[in-house]
Structures are given as C-alpha cells and as structure tokens.
Amino acid sequence: MRNYNAILNIDKKKNLVTCQAGCTLDKLNQRLKSEKFGLRVLGSISHQTVAGAICTPTHGTGIQYGILATEVVHIQFVNGNCDVIECSEIENQNIFKACLCSFGSLGIITEITMRVEPLKTLVSLQFPLKLRQVEENLTRIIYGAEHSRIWWFPHTDKCSIWQANKLEFNASDIEKSGLNSQISCGKKKFSNFILESVLYLSTIVPSVTPYVNKVSHKVLFGKVVQSQDVSFKEFNIDCLFKQYVNEWAIPIEHALEALSLLQLLITEHNINANWPVEVRFVRNDDIWLSPCYGESDRCFIGIIMYRPYSREPKYLLYFKKFDEMMSSLGGRPHWAKAHGWKYKECKESYPMWEEFCKLRSKMDPKNVFMNEYTRSIFNP
Ligand SMILES: Cc1cc2nc3c(=O)[nH]c(=O)nc-3n(C[C@H](O)[C@H](O)[C@H](O)COP(=O)(O)OP(=O)(O)OC[C@H]3O[C@@H](n4cnc5c(N)ncnc54)[C@H](O)[C@@H]3O)c2cc1C
C-alpha cells in the first residue's frame with residue numbers, strides 16, 4: 001500500500017484531510033505544513049502509513065487527546081467479499097467503530113479522512129525530576145500541560161518530564177527563539193555512540209545496568225531543555241537504537257500504583273532494565289478494539305529493552321511479568337507491541353470483542369485477512 005499514497009483533498013473550511021491509505025504521516029505532515037495545517041496529535045515517529053497508524057492504536061500523549069484513530073471521520077475499505085464499504089460517524093457507524101482499530105482484519109483500507117487543525121508551534125520544556133517528586137506531583141504533570149510525557153530510568157530515582165503546549169504557528173518567532181535545534185549533529189552523533197557503547201556493555205555485563213542508566217539519564221535528559229518548533233517536529237523524537245517494546249494502557253487512576261509495582265517487579269525478579277520506561281496519557285474513546293475504550297482515560301506505560309546487534313538481550317521474563325502486572329491493573333496491550341494475550345483475555349477485557357468477531361466473519365467470511373496472530377486473538 002506504500003505506493004497508494006496520494007493526498008486527495010484538504011478541506012480548509014471543515015479542517016479535514018483525505019488521503020490514500022499508504023500515505024505516510026511524514027508526507028502528510030509536510031504537505032499539511034505547506035497548506036498551514038497540521039495533525040492535532042502524533043506519536044514519537046511519523047514513518048508509519050496513515051492506515052498502519054490508525055489500525056493499531058498509535059497514540060501520542062496529552063490527556064485531552066485520544067489515539068490517532070479518534071481523529072478519523074471517514075474510512076473507505078474493501079472487505080473480504082470485494083465490497084467497497086464507506087463508513088463514518090454517520091454512515092455504517094458500527095462498522096466504523098470496529099474498523100478504526102482492526103489491524104486490517106476487516107479488509108484493506110483504501111481512503112481515510114482525518115481532522116486537522118491550523119498549523120501550530122509546540123513549545124516544550126524538558127526537565128529532570130526525582131521519581132519521588134513525580135509520584136507526588138503526578139496530577140500536576142498530567143494536567144499541567146496539553147502534552148506530557150515521563151521517562152523513568154529503572155534502578156535509579158531519575159526521571160525526565162516533557163511538557164508542551166501549542167501556540168499559533170509563526171515561523172519568524174521560531175527562528176528568533178533559536179530553540180529549534182538544541183544540539184549540533186556532530187555532538188549528537190558522538191553522544192549517541194558513547195551511549196550505544198555503554199548499552200551494549202550492559203547486555204554483556206548486566207550488573208553495570210544501573211550505572212548505564214545513570215549515564216543515559218545524564219546524556220539524554222540531565223539538563224533543562226526548552227524547545228519550540230512546528231508541532232510535528234516537536235512531537236516526533238529520535239528513538240535512537242533498535243529496541244524491544246512492550247506497552248500497555250491502564251486506567252489512569254492506577255498510574256501511581258503501576259509505577260510502584262514496576263519498581264518492585266524489577267527488584268524482585270532481578271531484571272536488568274537497560275532503557276527508560278515511558279509513561280504517556282491518552283483520553284478515553286468508544287472505538288471497539290481501542291485499549292482506551294470505556295469510561296477511564298488511560299495511562300500508557302511502555303517498557304523498553306535495548307536490542308544490540310548480533311545478540312539477543314534477556315527480556316522475556318521482564319515482558320511476561322509486566323504483562324501480568326498490567327493485566328492485574330485492568331490494562332490492555334498496545335496492539336503494535338509485544339504481548340501475550342489470546343482470545344480469552346481479549347474477550348474478558350473488551351466489551352465489544354464478540355460483536356467485533358461476528359462483524360469480522362460477515363466482512364471476511366472466507367478469512368482472507370486472517371493470519372496466525374489474528375486467529376490467536378479472534379478464535380476461541
Ligand atoms: C520507532 C517506532 C516508534 C513508535 N512510536 C510509537 C508511538 O509513539 N506511539 C504508538 O502508539 N506507536 C508507536 N509505534 C508503533 C507504530 O505506530 C505502529 O507499529 C504502526 O502500526 C506502524 O505503522 P506501519 O505503517 O508500519 O503499519 P504496519 O506495521 O505495516 O501495519 C500495522 C497494522 O495495520 C494494518 N494495516 C496497514 N495498512 C493497512 C491498510 N491499508 N488496510 C488495512 N490494514 C492495514 C496491518 O495489517 C497491521 O495489522 C512506533 C513504532 C516504531 C517502530
């Protein structure tokens with residue numbers, strides 16, 4: 001679908017963009033910028049196709065903002081019977097709510113219409129904080145800015161907070177502020193090289209992990225950094241190195257408990273967690289298979305392990321215990337990340353799961369769009 005990527009229409013009166021499914025978020029960001037528009041929320045990268053991002057619950061952070069799929073107002077797809085289905089909030093509403101986060105299991109999405117907003121500047125502040133201070137001020141961190149993210153470095157009490165708010169876009173203000181390129185490219189490459197070297201070392205000698213995390217914190221997040229740029233550039237970050245990631249969404253009221261339990265889990269099981277834990281906040285929604293479905297806003301917690309070249313780090317126990325811990329807190333896994341759930345767990349957690357499976361059978365009676373993974377979660 002990557003070649004099926006045209007941007008078909010930008011409706012400037014209704015603040016909507018329509019594109020073909022294989023258009024990347026990168027391409028959309030650039031084109032929207034040239035028309036003085038932007039997406040309202042984005043995750044850490046924009047390499048994804050629009051369809052891939054909405055079919056998984058790709059999300060950014062900001063308690064007023066839902067997952068990216070909540071920005072979609074209309075979808076066209078071809079189901080397993082070769083019917084072209086149009087669906088939206090008004091037309092085929094159930095199909096729409098099912099299709100938005102369906103990992104391609106209802107059919108091939110061909111066109112998507114999403115909300116956009118007039119182009120914004122995002123003004124952000126990143127600052128170090130102790131874990132205890134994060135715990136004491138969690139509500140202020142979540143609600144104190146439009147967009148907030150926490151990084152916690154396991155085996156240490158060190159965190160970094162990123163908070164950002166939007167302003168009307170003004171290119172000359174950004175230029176005058178001089179805050180859009182904090183670190184020169186050469187310097188960045190050098191610090192990344194040092195960082196990757198110590199991370200690699202931690203996979204051979206796991207006992208150095210706490211020291212590595214202290215170094216990582218210092219290199220990446222030790223200083224207060226102010227920044228401002230066009231919104232997509234501020235939302236996106238450099239994910240630096242290859243990683244294994246496991247991320248879950250829990251009801252926001254369990255966020256503090258989850259942070260304490262995660263500290264215990266790492267200590268009790270002697271886990272060498274060599275990459276920071278990422279904590280983000282997302283509004284609830286009514287998309288059938290969205291991890292944010294239901295009454296509660298959600299806190300996404302992602303655990304990450306550095307993935308060295310030519311070696312497998314030990315991460316399976318960490319991920320398994322994290323699955324158990326997050327399940328016990330009413331969590332649901334991010335569909336694009338590693339998790340161990342099967343049909344039973346999915347059905348128990350998602351009120352619309354069986355309804356989805358029935359609809360799926362109608363849309364794809366010959367199971368054209370099923371594979372080993374979808375069979376494991378959709379078949380009893
Ligand atoms: C470095 C990195 C950073 C990331 N950061 C974030 C983040 O900040 N927040 C977050 O939530 N996620 C994040 N992700 C996850 C990422 O957003 C998802 O994996 C996303 O699905 C990838 O998009 P893709 O275009 O590669 O889709 P693919 O991986 O190709 O597809 C994803 C799913 O969508 C389905 N699909 C794709 N196209 C269509 C179509 N046309 N019709 C029907 N179904 C389709 C596929 O069948 C598949 O099930 C990150 C991933 C990486 C690698």
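How do strands S13 and S14 pair, and over how many bridges? Strand S13, residues 277–282, runs antiparallel to S14, and five bridges link the two. Before we go further, please keep in mind that this is a predicted model.

Let's stay with S14 for a moment. This strand spans residues 298–306, and nine of its nine residues are buried. In a regular strand the side chains alternate between the two faces of the sheet. On one side of S14 we find Arg298, Phe300, Gly302, Ile304 and Tyr306, on the other Cys299, Ile301, Ile303 and Met305, and all of these are buried. The partner on one flank is S13, where Glu278 stands opposite Gly302 of S14. S14 also pairs with strand S12, residues 243–251, in the antiparallel sense, this time over nine bridges. There, Tyr244 has Met305 of S14 as its bridge partner.

Now step back to the sheet that holds these strands. It is an open sheet of eight strands in the order S11-S8-S10-S9-S13-S14-S12-S15, with antiparallel pairing. Strands S11 (225–230) and S15 (332–333) each have a single partner strand and stand at the edges, so one side of each has no neighbour in the sheet. For S11, pairing with strand S8 (residues 120–130) is antiparallel and covers six bridges. One pair to look for there is Ser124, whose bridge partner in S11 is Ser227.

Met305 also leads us to a pocket. The second largest pocket holds about 330 Å³ of space. Its lining counts 18 residues, and those nearest its centre are Pro206, Asn272, Met305, Pro313 and Lys314. Helix H7 (185–204) and helix H11 (316–328) are the elements that give two or more residues to this lining, and H11 supplies the largest share, with three residues. Sorted by class, the lining has eight nonpolar, seven polar and three charged residues.

Next, let's move to the part of the chain around strand S2. All five of the five residues in S2 are buried. Leu16, Thr18 and Gln20 point one way, while Val17 and Cys19 point the other way. S2 pairs with S1 in the antiparallel sense over four bridges, and Asn9 stands opposite Thr18 of S2. The hairpin of S1 and S2 has four residues between its strands, and Asn15 takes a positive phi near 55° there. S2 also pairs with S6, again in the antiparallel sense, over five bridges; here Leu16 stands opposite Arg115 in S6.

Helix H1, residues 25–34, has Leu25, Leu28, Asn29 and Leu32 as its buried residues. These cover an arc of only 100° around the axis, which puts them on the same side of H1. An α-helix has 3.6 residues a turn, so residues three or four places apart point the same way. What covers the buried residues of H1 includes strands S1 (7–11), S2 (16–20), S3 and S6 (107–115), together with helices H2 and H9 (231–235). Just after H1 comes Lys36, with a positive phi of about 65°.

Our last stop is Thr49, in the loop between strand S3 (37–38) and helix H2 (50–55). Is Thr49 buried or exposed? Its relative accessibility is 14%, and because buried means under 20%, Thr49 counts as buried. Leaving aside residues up to four places away in sequence, Thr49 touches Arg2, Ala21, Gly22, Cys23 and Thr24.

Technical notes:
Residues numbered from 1 in each chain as written. Predicted model: local features only at pLDDT ≥ 70, side-chain atom pairs only at ≥ 80, totals over all residues. Heavy atoms only, no water. Buried < 20%, exposed > 50% of the residue type's maximum accessible area, 1.4 Å probe, protein only. Pairing = 2+ DSSP bridges. 1 Å grid on protein atoms, 1.4 Å probe; cavity = no way out; pocket = protein on both sides within 12 Å on 5 of 7 lines; lining within 4 Å. Points joined across faces, edges and corners; volume = space filled by probe spheres on them. Nonpolar A, V, L, I, M, F, W, Y, C, P; charged D, E, K, R; others polar. Contact = heavy atoms within 4.5 Å. Arc of directions from axis to C-beta.
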